[in-house]
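Trainee: Could you walk me through one part of this model up close? I'd like to look at the metal site.

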Amino acid sequence: MGARFARRWRLAVPALLGVLLAGCATGRLDATKPIGEEARDIDGLMRLSGWMAVGVGIFVAAAVVTIIVKFRAKPTDDPDDLPPQIHGNRKAELTWTLIPTAMLVFLTIYTLGTVFDLARASDGPTIKVEGQQWWWQFSYDLDGDGNDDIVTANDLVIQTGEKVNLEIHSNDVIHSFWIPQLNGKKDAVPGRVHHWLISSDEPGIFYGECVEFCGLSHANMQMRTIVLTPDDYKRWEQEQLAGKEAAQEALVEGSAAAAGAALFETHCISCHVVDGVYESAAGGNANLLAGIAPNLTNLMSRTAFAGALYETYQTGPGGEYLRNPDGSLKVNVAELREWVRNAPDMKPARADNQQGMLDFSEVLTDQDLDNLVEYLKTLGSPPVLP
Ligand code: HEC
Ligand SMILES: [Cu+2]
C-alpha cells in the first residue's frame, strides 16, 4: 500500500507540475517567446526579477540550512546552558536592510523605465481597437481625415518594422487586449481611450484573447494579429479598399448570391454594415447593446470569424490551409452556414438581451441559408497570408 502510494505520487508530482507550467505556454498563446520589441522589454524585466528572486531564494534557503546544521543542539549540550544573549548587531542589521533596499530600488527604477517606454507613442500608424461582447473590431484611418477607411474584425493586420499605436476602446463592459508575443495586456474601459504599442520583427500570425472577464462568451472573445511584410501589407490595404468597390457592384441577376443579397437586406442589415451598400446599421443604431456588429465588407479576407472562434477557411490537422485543385483556399462553408442558421448555438450569446447575433433557425430555410452563404462568399478577396 505504502509503496504503491509513493509510486503514485512520483507520477503525480511531475504531472501536476506539467499542468502548472502549461499555463505559461498553452499552444497558440505563448508569453515566453516575445517577437516584438515591447514584448521583449517585458520579457527582459520578468527574467531579471525572476532570476533575482531565485538568487534571494537560494541564499535564504542556504542560510537556513547552514544555521540549522551548524548550531543544532548536541546530545552533550546542557539544556539549561544558554548561549550568550545579545541585543542588536548594527553590522548585521545594516546588511539585511541595505541589500534588499538596493535590490528593490533597482527593480523599481527598471520597472518604471519599462512602463514609461511601453506608454510612449510612436510615429507609426494608429489603429482603433474596439472591444465589445464578444469580439474585437479594428479600424484604420489611412489618410488621416477622421473617417475610417478600413473596418474589420478578428484579424488585426499590421506590417513588420513598424510600431503601431493602438487606441483601445470598449463599447460596453471592461475587456482587455492581449497578444502575448507582441506586448502585455491593456484594458479596454468604457468611456476611456487607452494607448498601446504593438510591433513585430517577423511576419506571422500571433494569437490573442480577451483577458478581462466580460460575461457569457468571454472565453470565446479571441483575436489574431496578422503581421505581413511591407509589400504584402500594401497588397492587403489595396484589397481592402477594392473590396468596398466590389461590394457595390451588381450581382449577377438570378444568381444564388443575388438571392442571398435580398435575404441579407431583409434579415441582416439592422445590425451589419457592408460599406457603400448597406449602411443603415452605421451610427450606432444597430439592434445591439454595443451598437455595432462586425462590418462584413471584407468578410472573406479574414482568417477567422465570430471572435476568431471559427476558421473562415478549412485547415488540416496541423493547422495548415487546405486548398482546391486550382490553389485557392477552401471556404469553411459548413461552419459559416451553421453560424448564419443558429449563431448562439455555436457561441453562447444573449440575443434576448441584445448581446450577440440572433438565432435564425426558425426563420431561414435550407435554400435561404445556401443563398446567404453564396452572398457572403462575394464579400472581399481571400486573406493575405504571411
Ligand atoms: C441583432 C443583430 C444581428 C443580426 C440581425 C445579424 N447579425 Fe450577424 N452578427 C451579429 C453580431 C453581434 C456578431 C458578432 C458575434 C460574435 O462574434 O460573437 C455577428 C457576426 C456575424 C458574422 C461573423 C462576422 C465576423 O467577422 O466575425 C457573420 C458572417 C454574420 N454575423 C452574418 C449574419 C447574417 C448573414 C445575418 C442575417 C441572416 C446576420 N448576421 C444578422 C449581429 C447580428
Ligand atoms: Cu472581453
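Mentor: Sure, let's start with the geometry: the iron atom of ligand 1 sits in an octahedral site, with angles of 83 to 179° among its six donor atoms. Octahedral here means six donors, with opposite donors over 155 degrees apart and all others between 65 and 115. Donors are N, O and S atoms within 2.8 Å of the metal (3.2 Å for Na, K and Ca), and water is not among the atoms, so sites may look incomplete.

Keep in mind that this is a predicted model, where local features need pLDDT of at least 70, side-chain atom pairs count only at pLDDT 80 or more, and totals for chains, interfaces and linings use all residues. Residues are numbered from 1 along each chain as its sequence is written, chains are lettered from A and ligands numbered from 1 in the order in which they are written, and side-chain values use heavy atoms, with hydrogens and water left out.

From the protein, the iron atom gets NE2 of H272 and SD of M357, at 1.9 to 2.2 Å. H272 comes from the loop between helix 5 (256–267) and strand 13 (304–305), and M357 from the loop between helix 7 (343–346) and helix 8 (366–376), so the two tie together parts that are 85 residues apart in sequence. Those helices (H or I, at least four residues) and strands (E, at least two) are DSSP runs, numbered from the N terminus.

As for exposure, H272 is buried at 12% relative accessible area, while M357 is partly exposed at 21%. Buried means under 20%, exposed over 50% and partly exposed in between, using a 1.4 Å probe and protein chains only.

Following strand 13 onward, you reach A306 in the loop between strand 13 and strand 14 (310–311). A306 has a positive phi of about 60° although it is not a glycine, and A306 is buried, at 12% relative accessibility.

Key:
Tetrahedral: all angles 85-135°; square planar, octahedral: opposite > 155°, others 65-115°.
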